[in-house]
Amino acid sequence: MSENLVIVESPAKGKTIQKYLGKGFEVLASYGHVRDLIPKEGAVDPEQGYAMKYEIIDRNQRHVDAIARAVKKADTLYLATDPDREGEAISWHLYEVLKERGLLEGKQVHRVVFYEITKNAVQEAIAHPRALAYELIDAQQARRALDYLVGFNLSPLLWRKIKRGLSAGRVQSPALRMIVEREEEIESFVPQEYWNLTALLDKQSFEFTARLHTLDGKRLEQFDVNTSEVAHQVRDRLLQAARGQLTVTKIERKERKRHPSAPFTTSTLQQEAVRKLRFSSQKAMRTAQQLYEGIDLGSGPVGLITYMRTDSVALAGEAIAELRAFIQQRYGKPKLPESPRQYKTKSKNAQEAHEAIRPTSCLRVPEEIRSYLSEEQFRLYQLIWQRTVACQMIHALIDTISVDLAAEPSSFFRATGSTIRDPGFLAVYEEGLDDQKVEKENPLPPLTEGEAIKLNDIEATQHFTEPPPRYSEASLVKMLEEYGIGRPSTYASIISTLQAREYVELDRLRFTPTDIGRIVNKFLTEHFTRYVDYDFTANLEDQLDEISRGEKNWTPVLDEFWQPFSQLVEEKMDNVQRSDVLQARELGLDPKTGKPISVRMGKFGPFVQIGSRDDEDKPIFASLRAGMKMDSVTLEEALELFKLPRALGETAEGQTISASIGRFGPYLRYGSNFVSLKKEDDPYTVTLERALALIEEKKASDLAKIIKDFGDGIQILKGRWGPFLASGKIKAKIPKDKTPDTLTLEEAQALIAEATPAKKETKKDPKKPSKKPAETQADTSEPEAKPTAEPAKKKAAPKKASSSEATQTKAPAKKSAAKPTTSKTSSTTAKTPRKKTGT
């Protein structure tokens, strides 16, 4: 029997903490969240004060049961989940579950937090426990309620008006808006021409350049020289005036200081990991979690970094002292500033009790522990270590020089150079920059005023302004933070959700919106303008922070949001037509039929259509090809799509071969048979020779599946789950007491007679044209065509939690006792207790 039971979130963290606590303590993991809202309507009830119905998450049921068994044997329970709102909520959920089971009577319950998993931090936390922080719990529950109310009400509207499987989120939708708006900026951007004139100079074989700065006494602006004619006129004039040399008229020297960046927050760590390590935000956070929870360095697990979800750039006094001693010993006293550097957190809602992300000890030099780390762990730890050490070092000293070189009295070129006199912190770390070049040395030769410098030539170079760059993960995270949208800990999940819903694609590390992403954004910005507004979303985030600080009650915040939102959802459900949302775009007329050709979004993606539903003949459909966009597809491109199915020739047996694209991807058809095209094959260009080779390959594959042929079309075939009987479209299982060798024709005929056609084979005859806009050039039910671009599936409901602990809870904390569950499928009403736990 263990007197003390400690609950953490992950088993990795549990091993590290167990090592520090020793005998008398048992450490168990909750494996993340304990409960979640039931995945059905009514999980949050605005009519009952936003009462929230919870269930234990299925995958964690056994872990909760293990904790319950351990609690029975313990005297004291320590809730040691992560030191943030999410962690506080997990502790509260576990407390509620154990209390409902009557397991906490006579037990002491404490909440403990630590921001690094070191022996001192863990033992200090255990020695100084506190009560559950109900303000943090209230804020987390209010956030969960808001996200549920948006998702469960707005997503069905998207299904009804656009297509199934879509979702909208309180924070996800403004993030999508950012990406779409940036793409629209790029598309509407009109490049402007401008020219630069650059002098190519040489002093004693030291070649350097100078840019034309002032012409006729006026400083040149970007578009002052904007045509080839003007540029070459100026070039010829200055070359003639210079006569092979420019005169140094002015030299200006300056000293510039460059200071180190603050230590990492969650947001800046994600940005740098994306920029420098090419990690995704999710990968950065997952790897940081591993470093925080503990790595075995040979004598047991050790937490290598402090808690990785933080808005703060502050460092603990003992950490600064260790850093300063280390810097002096490793880099020398001159690299140490006279006093410690202090960094101020910019985020107004930062949780200042947290530290910045730093190594738990800078004495663990990355290279010295590399053999214990995976490559990903090493690279991220090295990044954190370097940034932290650099933040307490002296500034870099950079000498800059600016030299004016005249061709004529009122016109001159300017050369600029820089040299690093003292690298200071740059010897350890330099921050990456999005869409900018990192500063490098650019020395100039020794120059003196009045000196004549040889002019080799003047280059006139044409340039065009460029549109703003698409967002990378790093720049999107930075923008979300600047706008105050979401929390740093949620950025990774926001980005992954946008990709999972296929609203955006990541191309060369940059986000582009998909057609469906654009349509969803257009619908939301037009009909739910307020709820994708950046300021509105950020203001709501501020209010949640105010709840967490105890400055606001949660109910008015939810009321203010829910009442107008729910009315708007009802109004749009009734008044907005699906055709208005999808807004088909007419491309022109079909030259053969004279019917209009339009592009639109369908159940299985974007497609083009000849004719309309009102025509006597049904319209013809063709899916857009990969890479084609609804907003940019042209009439000529659309007409190409209708060239399928494309006749290729015949097989040796006289069967007609055609190539087409179906719901599950490109395929060949010969007679009544189908063959999927390979990834490298294009139905618009595939040759007869290639088609015949694929057909022979398919025939050989089919023959290899035949175990026994009875004749009369009855065969025993190899299947994924073992041998089975087949006769045309009918399939039948082979009895367990029979084998292919012992099964007789009569038995096979009887089994086939009893069987029914397989569901997959009972669909509509492939030869019959689809009556619905299946968005395909041809039949879409070919049995052998493998899915290469599977249509969006019906949105799955959140995984149903175990019904054994269903609880309806008024989310944020209020006084009330819990009633125990009376059956495995029932829900009980429990309001959050205000009773303090712990000391």
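# Worked exercises on a predicted model

Setting aside neighbours within four places in sequence, Q377 touches T287, Q290, L291, I295 and Y372, where contact means heavy atoms within 4.5 Å. You're looking at a predicted model, where local features need pLDDT of at least 70, side-chain atom pairs count only at pLDDT 80 or more, and totals for chains, interfaces and linings use all residues. Residues are numbered from 1 along each chain as its sequence is written, and side-chain values use heavy atoms, with hydrogens and water left out.

**Exercise 1.** Work out whether Q377 is buried or exposed.

*Solution.* Start by finding the residue: Q377 sits in helix α11 (residues 375-390). Helices here are DSSP runs of H or I with at least four residues, strands are runs of E with at least two, and numbering goes from the N terminus. Next, recall the cut-offs: buried is under 20% relative accessible area, exposed is over 50%, and partly exposed is in between (1.4 Å probe, protein chains only). Q377 has 11% relative accessibility, so Q377 counts as buried.

**Exercise 2.** Describe how helix α6 (residues 172-188) and helix α14 (residues 515-527) cross.

*Solution.* First, take the axes, which are lines fitted to C-alpha atoms, for helices over the stretch in contact; angles run from 0 to 180 degrees between N-to-C directions. The axes of α6 and α14 come within 10 Å and cross at roughly 110°. That makes α6 roughly perpendicular to α14, given these classes: under 35 degrees is roughly parallel, over 145 roughly antiparallel, 65 to 115 roughly perpendicular and the rest oblique.

Now look at who meets whom. Residues on the α6 side include L176, R177 and V180, while those on the α14 side include R518, V520 and L524.

**Exercise 3.** Trace the pairing partners of strand β25 (residues 665-670).

*Solution.* Remember that two strands pair if DSSP finds at least two bridges between them. Go backwards in the chain to begin with: strand β24 (residues 656-662) pairs with β25 in the antiparallel sense over six bridges. One of these links I661 to P666 in β25, and a hairpin of two residues joins the strands.

Then go forwards. β25 and strand β26 (residues 673-676) run antiparallel, joined by four bridges, and Y667 has S676 as its bridge partner in β26. This hairpin also has two residues between its strands, and G671 in the turn has a positive phi of about 65°.

Last step, the surroundings: β25 is mostly covered, with six of its six residues buried.
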